[in-house]
Amino acid sequence: TQITVNGTSSHPIPSTLWGLMFEDISHSGDGGLYGELLQNRAFQQVTPGTTAALNAWSAVGNTTLSVIADSPAISSSLPNALSVTFPSGAPRSGVQNSGYFGIAVRASSTYTASFFYRFPSTLPSAALTATVSLAGASSGTTFASGTVALRPTAQWTQATVALRPRTSAPDINNVFEVTLAAGAFVGTVHLGMFSLFPPTFGGQANGMRADIAQALLDLKPSFFRLPGGNNLEGQTIAQRWQWNNTVGPLTARPGRVGDWGYVNTDGLGLYEYLVWIELMGMVPIMAIWSGFALGGAAVPANQLAPYIEQSRQQIEFVIGSTSTPGGALRASLGHPAPFPLLYVEVGNEDFLQPSTYQSYRWAAFVNALQADYPNLRFLATSSFNSPALSPKPQSWDIHVYQTPTWFTQNSAFYDSFARDGTTFFEGEYAAISTNPNDIFGAPSSGRLVYPTVQSAVSEAAFMMGFERNADVVFAASYAPLLAHVTQNQWTPNLLSFDSGTVIKSTSYWAQWMFSNNRGDVYLPSTLASTSGALFWSVVQRVSPPAFIIKVSNTGTSASTGVFRLPSAVASTGQLIQLAGAANASNTPTTPSAITPQSRTIATGQNLSFSAPAMSLSVITVALV
Ligand SMILES: [NH3+][C@H]1C[C@H](O)[C@@H](O)[C@@H]1CO
């Protein structure tokens, strides 16, 4: 294929083009990115006395456990506690937590453990020594232990201890224990608001798991969409995500039943998101709830005011001056300066109930909030111009989940969009099935469990379209971002993980190749055929001056592109290439089967490049 590259750029590439979409799905947050290692740490949103209330907890030795609604409670937000009864003559006994499907124990880390306790009836005659430890679930090997004094008190009191493993555990099959020595105490103790944190990314208090955060940082992401996705919406209006329930001390956070079938602790709250986003060099694209719950309920127009006010307070918390209540709260938590918020998304996928979005919800939120915050850009989340909205949205968040073939055939999706000032955020996209008749079906019906080489190179063809249309596409993110390898509600995902490992998919590497090889301006070139297999994008980097040529071959045989570049270039350049069998994936058993390979290649102003079948290539060649 002969490809003529224009020497005059058509448009700059916005700095926000490549970034991350996040929501707590498949334990992306609790059990994933959020640093807390204990599951069901505060018995939030569970029914006392039920087995489910004891999720992840079990007795050590002879104790009997039950979750109770305690009085006094630890706080009004945390009504539940674990009642632990030690019988007479008990051996070493106490409680055990199995983490989020395991706990990684690394000798290089210092873990911070804490819990609240009180003796509701019989007080011990003197302080008791509790042992807090990390041990092999089946081996019983103790990797770390520390002691803490439990004072004889009926009032809720917090105990904290540092744990330093002497050796790393060989696998993630480990447990956290709080125990008393044999015969140390006969009676009942109430425990609650446990926590076990490893060192966090950048040392952030109540922060993120370092290995997952680092894998995300390696993508050099420019934005972070939060807090969802479906998980913003709630199955009911009462279960929606509410920013004010996610800030302040952990004892003030009630948690909620998330939209993906598990309790969200909301320990990863709005402040933690924003501080981490800043630490990562990203900007937030923040959603506000738009009056619609996934179960189908919409707030009537004449009852929206308190929800609009809650959203206004959410925005005030993020960017309000410290003379406002929201800004003052932000300052009190340690961040007096406003966060760099420009984009506010009104709901999520409001194409699910476009009628009320069109008739009043969009206008009610935007008219009120735009008046308060004129510099903000509000994104509509219903289907583009279907129905038309008033006031006319400045931006839209468009999602697509499709087959690899759809992505190659729609590489020019944005070419025909009107250039009228409206901008677009491709907030969610992924090739998720090879079966066009059952996109969201089961793996037996074509659904991908992990991204494949074919899905990654097809997404890359679509991503070429984002660079070509970066005058109207300002941001794009693959979704979902993260998922536990087995406790998930959705596949495929950009990154998979368990308690100890992060797996970078083929699609992760495609995102990595685009985001780590950005240009400043786009150079138009011969258009690829959308029914073909070869796709390309040429951008120019100002400093150091270079052409960056991305080539995706989504076909089953090698294909050559001859690039006629607009000016002289060096005789050698760098090639980064991702290639493999169409159905190859990186999985827990083969985590690095397909990774980008770099090498130097011969280059010239007429650059002939043979792209292997099923490959994504990035060629960087210096101008001379
Ligand atoms: N149904 C998808 C669309 C929604 O916005 C996300 O929560 C889901 C997974 O990415």
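**Surroundings of Y262 and E177 and the pairing of helices 4 and 6**

Outside the four places on either side of Y262 in sequence, this residue touches D24, I25, S26, H27, S28, R256, V257 and Q489. These contacts are taken from a predicted model, for which the mean pLDDT of the chain is 98 and 100% of the residues reach 70 or more. The ipTM of the model is 0.96 and the pTM is 0.98.

Y262 lies in the loop that connects strand 15 (256-257) with strand 16 (263-264). Although placed in a loop, Y262 has a relative accessible area of 10% and is therefore classed as buried, the cut-off being under 20%. Two interactions of the Y262 side chain involve residues from its contact list. The side chain of Y262 is joined to that of D24 by a polar contact of 2.5 Å. The Y262 side chain also reaches the backbone nitrogen of S26, at 3.4 Å. With respect to T434, Y262 is separated by 172 residues in sequence and by 29 Å in space, as given by the C-alpha to C-alpha distance.

A second buried site is provided by E177, a residue of strand 12 (residues 174-180). The relative accessibility of E177 is 7%, so this residue also falls under the 20% limit for burial. When neighbours within four places in sequence are set aside, the contacts of E177 comprise V60, R92, V95, Q96, T131, V132 and S133. Two of these residues engage the E177 side chain through polar contacts between side chains: R92 at 3.4 Å and Q96 at 2.8 Å.

Packing between helices was examined for helix 4 (residues 305-319) and helix 6 (residues 354-372). The axes of these two helices come within 10 Å of one another and cross at roughly 40°, and the crossing is right-handed. On the side of helix 4, the meeting residues are Y307, I308, S311, R312 and I315; helix 6 contributes A364, F365, A368, L369 and D372. Classified by residue type, this contact contains seven nonpolar residues, one polar residue and two charged residues.

Taken together, the two sites pair burial with polar contacts. Y262 is buried and its side chain has a polar contact with the side chain of D24, while E177 is buried and its side chain has polar contacts with the side chains of R92 and Q96. In the contact of helix 4 with helix 6, by comparison, seven residues are nonpolar.

Conventions
Residues numbered from 1 in each chain as written. Predicted model: local features only at pLDDT ≥ 70, side-chain atom pairs only at ≥ 80, totals over all residues. Heavy atoms only, no water. Helix = DSSP H or I, 4+ residues; strand = E, 2+ residues; numbered from the N terminus. Buried < 20%, exposed > 50% of the residue type's maximum accessible area, 1.4 Å probe, protein only. Contact = heavy atoms within 4.5 Å. Polar contact = N/O pair within 3.5 Å; in protein donor to acceptor, adjacent residues only side chain to side chain. Axes fitted to C-alpha atoms, helices over the stretch in contact; angles between N-to-C directions. Left-handed = near helix turned anticlockwise from the far one by under 90°. Nonpolar A, V, L, I, M, F, W, Y, C, P; charged D, E, K, R; others polar. pLDDT = per-residue confidence, 0-100.
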